[in-house]
Amino acid sequence: MESAERLLLVDGHHLFHRTYHALPRSIVGADGAPIQGVYGFAGAFLRLLRRFSPTHVCVPFDPPEPPFRRALFPDYRTGRPRGTPEEVANFDRQVAQVYQVLDHLGVRHPLAPGFEADDVIGTLAAAATIAGLPVTIVSGDRDLLQVVGPRVEVFMPKGQDGEVYTSAVVQERWGVRPDQITDLKALIGDASDNIPGVPGIGPKTAAALLARHGTIAALYDALPSLPARQADLLRTYQTRVQLNRRLVTIVTTVNLPTAVEEYHWASVEPCTASTLLAVLGLRR
């Protein structure tokens with residue numbers, strides 16, 4: 001993926017959540033209110049810019065409205081505690097401050113009502129691929145592995161570093177190609193999004209089935225050739241599998257500007273999280 005140009009797509013809420021929960025609330029702003037999330041985000045984001053040297057940048061966030069998937073499955077992404085009203089207010093306040101940081105850096109941070117940041121990322125990754133622009137996605141959401149391809153990689157932060165997922169790495173780690181990730185997760189579900197899978201079919205079994213049959217559709221066509229217990233389970237939970245596939249499939253047609261030049265980014269002078277926040281008046 002060597003190129004003079006590159007689009008960096010950062011899952012804004014993922015990066016903010018990581019720093020918000022990892023740093024102490026004793027990090028406060030000029031007004032004495034906790035600012036650990038925005039401080040950590042700024043530092044992590046600046047490191048990503050230095051690491052990948054992108055020419056195009058976008059940081060989508062999840063909008064406050066429920067995603068369209070909630071209408072398909074009311075339990076989708078429920079059960080995630082947000083904390084006390086005070087904690088929720090502080091969290092939202094810091095997200096707004098992150099927007100200030102990105103505005104100052106000249107980085108677009110779109111929200112698409114009814115869709116998730118993943119869908120915006122998938123849409124822009126698809127558009128960049130058509131334009132011939134290499135893409136690095138930064139997120140911890142494994143759903144995004146489905147968009148990995150010859151020009152698209154996913155960087156998953158881990159500790160102070162992270163792991164890069166190419167098509168070969170996805171195949172090695174999951175036993176399926178990137179384009180089979182949706183079918184894999186349709187079978188096994190996703191506990192992080194509160195999506196139940198088919199009982200008795202875990203990642204290894206699902207990967208083996210897809211390696212043999214290719215797709216969910218072909219797998220169901222082959223039910224008579226499967227062991228009786230496995231075939232019965234797949235038959236019993238077929239409706240769930242079909243719904244799961246809709247839930248885990250990333251939308252690549254969100255209505256937003258997709259011309260890559262909309263996200264062209266001019267690098268700024270070197271700075272640190274502290275100096276950046278000081279310029280914005282968020283920290284002394």
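In this predicted model, five strands come together in an open sheet, running in the order 2-1-3-4-5 with mixed pairing. The two ends of that order are worth a look: strand 2 (56-58) and strand 5 (161-165) are the edge strands, and each has a single partner strand, so one side of each is left without a neighbour in the sheet. From one strand to the next, the twist averages 20 degrees.

Further into the sheet, strand 3 (residues 135-138) is paired with strand 4 (residues 152-158). The sense of this pairing is parallel, and four bridges make it up. A handy place to find the pair on screen is Val 135, which stands opposite Val 152 in strand 4. As a general reminder, the strands of a sheet pair through backbone hydrogen bonds, in either a parallel or an antiparallel manner.

Strand 4 also leads to the second largest pocket, since it is among the elements that give two or more residues to the lining; the others are helix 1 (12-22) and helix 2 (36-52). The space in this pocket comes to about 420 Å³. Its lining consists of 18 residues, and those nearest the centre are Arg 18, Ala 44, Arg 47, Gly 159 and Gln 160. Which element gives the most to this lining? That is helix 2, with seven residues. By residue class, the lining of the second largest pocket comprises nine nonpolar, five polar and four charged residues.

How values were computed. Residues are numbered from 1 along each chain as its sequence is written. This is a predicted model: local features need pLDDT of at least 70, side-chain atom pairs count only at pLDDT 80 or more; totals for chains, interfaces and linings use all residues. Side-chain values use heavy atoms; hydrogens and water are left out. Two strands pair if DSSP finds at least two bridges between them. Axes are lines fitted to C-alpha atoms, for helices over the stretch in contact, and angles run from 0 to 180 degrees between N-to-C directions. On a 1 Å grid over the protein atoms alone, a cavity is a set of points where a 1.4 Å probe fits but cannot get out, and a pocket is an open set with protein on both sides within 12 Å along at least five of seven lines; lining residues have an atom within 4 Å of a point. Grid points are joined across faces, edges and corners, and a volume is the space filled by probe spheres set on the points. Ala, Val, Leu, Ile, Met, Phe, Trp, Tyr, Cys and Pro count as nonpolar, Asp, Glu, Lys and Arg as charged, and the others, Gly among them, as polar.
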